[in-house]
Amino acid sequence: MSQVLVASNRGPVSFSLSDDGALTMRRGGGGLVSGLAAVTGAPRDPGPPHSSRAGDRPDVLWVCASLNEADRVAARRSPDGRIDRAGYETGGAAVRMLDIPEATFQRAYNAVANSTLWFVHHLLYDTPRSPHFDARARRDWQSYEAYNAAFADALARDAAQGAKAAIQDYHLSLAPQMLRERRPDLRIVHFSHTPWAPPEYYGLLPDDIGNQILLGILGADHAGFLTERWASAFLDCCELLPGAKVDRAARTVTCSGHVTHVGVHGLGIDGTALRQRAAEQDVVERARALREQVGDRQLIVRIDRTELSKNIVRGLAAYRELLVNHPEWRGRVVHLAFAYPSRYDLPEYREYTAAVERTAEQITDEFGTADWDPLILQVNDDYPRSLAAYGLADVLLVNPIRDGMNLVAKEGPVLSERGCALVLSREAGAAAELSEDALMINPYDVSQTAETLHKALLMPPTQRAERCTRLTAAATALPPQDWFADQLAALD
Ligand code: G6P
């Protein structure tokens, strides 16, 4: 029985299966792992598992979904699907991977969570054509309910009396209410890592589904958001929910006698851990290779998942406009664009990746010369290379259409060696903390983005360094350890 439970779609570890049936476990990334380490006392960096110290810390269980066949095999092979205390890989938590039937998982994860809820909260629909809620959408919704129920069942089964459960993100918006029905003794927090849609856009969802999602989250005692803006949009939607009473001053929503507090918990970077990682040999080697490749030219860097909301195509278009309007930069600047693969099961993401590649090719064809490559686009995931690029960046471009927080905007300044200028979308959650020292843009305005890149390249080095120092301070003010502890404390 666990005193603290975490639930998220993607867990802290994943598996691969070799031909002879052997399973290999890999560590997943993410702030949640380091956040948990603070609670469990586990080391945050690789080292021997500390099972001998198991008695010193709260018993934490992390419930997650099996994301592929290897995960499902691992879940079936472990007693009760429980992978015990995996040490630093999981921040010291035991892990229970749920063996959810593949069809249910695909519909819940791809069709509902990523193609519907993600699109709603990030305002991604091309509304003349989509969304289109028909009988198939209802079937997908039933899978989303079943997926959430599987999490609620597992949490209900493993929680100690009065335990705290921290349920993460839009995949699991029904689980808080389902868990409260099963275990009214528990204290439940739900945390949204995404933005929240304004009510008129949230209203694209069928009314019953939109209401069920709100009621699901309101099953929690505390609903957490990354910024004031997203918390406020959630309250706006709750105001339209039949039977709900919103108290804006107290930031509470009362529904069927149950009170949910709505809170803001910003998430930043663990600066010490990130700098330590960036000092390792693999990062140093990649930095050397990149420097050789680009010479002493100025560098504009962007690093993203190849994700519709990240606005990569408009970012490339802005770089093109910079080279057209300010030909003096030709030969003197290189754009490093790292766009690593994401959600490739969705056709929109495959098409978007192709559009990114096409746009990049056009820029290279139009401006490239025998001794100058204006753009280096890399579409494979190479974490140490990303850390190396942060170190070398003169300008960091972060221009999402909409983003819950955006940690690239925070990691870049922390690792930047000479101090980088940050060009930042006003629609990123990070804008709430970084707007004073970043150069702010409207992500839809390509020409403004181009002019802002120009201004960033011209910024005097001392001004750049001073701004970067302040950006670093803001970026590291809310490390994941504090963010997670804060969520749990909100339940006391
Ligand atoms: C966002 C979401 C996370 C998700 C991540 C990667 O940050 O808030 O919940 O895990 O994207 O997406 P993926 O679909 O690959 O898990």
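A side chain is called buried when its residue has under 20% relative accessible area, exposed when the value is over 50%, and partly exposed in between, using a 1.4 Å probe and protein chains only. Helices (H or I, at least four residues) and strands (E, at least two) are DSSP runs, numbered from the N terminus. The structure is a predicted model, where local features need pLDDT of at least 70, side-chain atom pairs count only at pLDDT 80 or more, and totals for chains, interfaces and linings use all residues. Residues are numbered from 1 along each chain as its sequence is written, and side-chain values use heavy atoms, with hydrogens and water left out.

Strand S10, residues 244-247, makes a handy starting point. Its side chains take turns: Ala244 and Val246 point to one face and are buried, while Lys245 and Asp247 point to the other face and are not buried. Two strands count as paired if DSSP finds at least two bridges between them. S10 pairs with strand S11 (residues 252-255) in the antiparallel sense, over 4 bridges. Across from Ala244, in S11, stands Cys255. The two strands, S10 and S11, make a hairpin with 4 residues between them, and Arg251 in that turn has a positive phi of about 55 degrees.

Just along the chain is Ser256, in the loop between S11 and strand S12 (258-264). Ser256 also has a positive phi, about 45 degrees, although it is not a glycine. Is Ser256 buried or exposed? Its relative accessible area is 77%, so Ser256 counts as exposed.

A second strand pair runs the other way round. Strand S14 (residues 333-340) and strand S15 (residues 375-378) pair in the parallel sense over 4 bridges. To get from S14 to S15, the chain passes through helix H12 (residues 347-367), and this β-α-β crossover is right-handed. The term means that, with the strands pointing away from the viewer, the path from the first strand over the helix to the second runs clockwise. Within this pair, His335 has Leu375 of S15 as its bridge partner.

Next comes the ligand. Which residues are around the ligand? They are Arg10, Tyr109, Asn114, Trp118, Asp169, His171, His193, Arg305 and Arg343, where a residue counts as near if one of its heavy atoms lies within 4 Å. Helix H3 (residues 102-122) gives the largest share of this shell, 3 residues. By type, the shell divides into 2 nonpolar, 3 polar and 4 charged residues. Here Ala, Val, Leu, Ile, Met, Phe, Trp, Tyr, Cys and Pro count as nonpolar, Asp, Glu, Lys and Arg as charged, and the others, Gly among them, as polar.

Some polar contacts can be picked out; the term means a pair of N or O atoms within 3.5 Å, and within protein one must be able to donate a hydrogen and the other to accept it, while residues adjacent in sequence count only if both atoms are side-chain atoms. A polar side-chain atom of Tyr109 sits 2.5 Å from an oxygen atom of the ligand. For Arg343, the distance from a side-chain N or O atom to a ligand oxygen is 2.9 Å, and for Arg305 the matching distance is 3.4 Å. On its own the ligand has 380 Å² of accessible area, and the protein covers 73% of it. Such areas come from the Shrake-Rupley method with a 1.4 Å probe, and for residues only the protein chains shown count as cover.

A few loops deserve a look too. Asn9, in the loop between strand S1 (2-8) and strand S2 (13-17), is buried, because its relative accessible area is 3%. The side chains of Asn9 and Tyr147 are joined by a polar contact of 2.7 Å. Asn68, by contrast, is partly exposed, because its relative accessibility is 30%. Asn68 is found in the loop between strand S4 (60-65) and helix H2 (69-77), and a polar atom of its side chain lies 3.2 Å from the backbone nitrogen of Ala70.

The loop between H3 and helix H4 (135-158) holds Pro131, and the peptide bond from Ser130 to Pro131 is cis, with omega near 10 degrees. Leu123 is in the loop between H3 and H4 too. Its phi is near 55 degrees, a positive value in a residue other than glycine. With a relative accessible area of 28%, Leu123 is partly exposed.
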